[in-house]
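Visitor: I would like to know what stands behind the labels used for this model. Please take me through them one by one.

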Amino acid sequence: MRRLILRPGAIGDFIVSLPALESLRAEYTELWTTSAVMPLAGFADCVRSIQQTGIDTFALPGLSVSGELVQTLKSFDSIVSWYGAQRPEFRAAMQELGLPVRFHEALPSGPQHATDFYLRQVGAPEGAIPRIPTAAAKRDFAVIHPFSGSARKNWPIGLFRQVAAALPLEVKWTAGPDEPLEGATRFDNLRDLAEWIAAARLYIGNDSGITHLAAAVGTPVVAIFGPTDPMVWAPRGAHARVIRNPVDAEAVAELARAQIRED
């Protein structure tokens, strides 16, 4: 069977859905996804940037559909799509072509963990933990990533610095290309970032895609949550700890030190 999976979304959305995506593996599996997460999709036989496939313009008014794209879509025995939830014209066009497509809602609903939400959608057993294998050897340092995809989820940078000063480890800071943090270690490729974080003894961050990445590579995690619901979005795994709305640095530092002792 040839299966195509359409899975756009941010880093965290992709990682929490990894167990569901992996359960969809077929004899041949192709994934069209966001460019940034392509290095994390080791389960697929072929991975393509969804922005470069032409699917974004599929069924837009006034635009003709590439015949090559249609033929590519028709070459699959099964198409599973988290793309198009907000584009009824796209869904209608796919179905009018008689494509073997199954659509899923892109964002979880109800009081359930996002990973279980995606697993339930594809009929797979719940409870799985997103995992990204690495070959990193542990080293004696901690990583702090003080950003996220939304400013309202970011704990104050000054409190992160207080936590860093209270840890018995060297602290290395990381940030994305456009995140302002002097001296931060930055990576262009998420696979390289994953390997680097996997070598750390501790990771501290907000509710962010990089926090989910740290949990998925097996590094002990302290995740600071504010407005978002950890019942849905907490990083999953026995080594991940969540603290919600901490008002001072010491509460986070103590949890971090406990994670180091248990490691």
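**Sheet, cavity and pocket**

Guide: In this predicted model, 5 strands form an open sheet in the order β3-β2-β1-β4-β5, and the pairing is parallel.

Visitor: What makes β3 and β5 edge strands?

Guide: β3 (46-49) and β5 (101-103) each have a single partner strand, so one side of each has no neighbour in the sheet. From one strand to the next, the twist averages 15°.

Visitor: How do you know that β1 and β4 pair?

Guide: Two strands pair if DSSP finds at least two bridges between them. Strand β1 (residues 2-7) and strand β4 (residues 78-81) are joined by 4 bridges in the parallel sense, so by that cut-off they count as a pair. One of the residues concerned is Arg3, whose bridge partner in β4 is Ser78.

Visitor: Why is helix α4 said to touch the sheet?

Guide: Contact means heavy atoms within 4.5 Å. Helix α4 (residues 88-96) packs on the sheet and touches β1, β4 and β5. Its direction makes about 155° with that of β5.

Visitor: What makes the space of about 40 Å³ a cavity?

Guide: A cavity is a set of points where a 1.4 Å probe fits but cannot get out. The count comes to 1 cavity of 30 Å³ or more, and about 40 Å³ of space lies in the largest cavity, so the label applies to that space.

Visitor: Which residues line the largest cavity?

Guide: The lining consists of Ile15, Val16, His113, Thr115, Pro130, His212, Ala215, Ala216, Pro235 and Arg236. α1 (11-16) and α8 (209-216) each supply at least two of the lining residues, and α8 has the largest share, with 3 residues.

Visitor: How many residues of that lining are nonpolar, polar and charged?

Guide: The lining of the largest cavity divides into 6 nonpolar, 3 polar and 1 charged.

Visitor: Why is the space of about 600 Å³ called a pocket?

Guide: A pocket is an open set of points with protein on both sides within 12 Å along at least five of seven lines. The largest pocket holds about 600 Å³ of space, and it carries that name because it is an open set of this kind. It is lined by 28 residues, and the closest to its centre are Ile11, Gly149, Ser208, Gly209 and Ile210. Two or more lining residues come from each of α1, α7 (190-198) and α8.

Visitor: What is the make-up of the lining of the largest pocket?

Guide: The residues there divide into 10 nonpolar, 11 polar and 7 charged.

Definitions and conventions. Residues are numbered from 1 along each chain as its sequence is written. This is a predicted model: local features need pLDDT of at least 70, side-chain atom pairs count only at pLDDT 80 or more; totals for chains, interfaces and linings use all residues. Side-chain values use heavy atoms; hydrogens and water are left out. On a 1 Å grid over the protein atoms alone, a cavity is a set of points where a 1.4 Å probe fits but cannot get out, and a pocket is an open set with protein on both sides within 12 Å along at least five of seven lines; lining residues have an atom within 4 Å of a point. Grid points are joined across faces, edges and corners, and a volume is the space filled by probe spheres set on the points. Ala, Val, Leu, Ile, Met, Phe, Trp, Tyr, Cys and Pro count as nonpolar, Asp, Glu, Lys and Arg as charged, and the others, Gly among them, as polar. Axes are lines fitted to C-alpha atoms, for helices over the stretch in contact, and angles run from 0 to 180 degrees between N-to-C directions.
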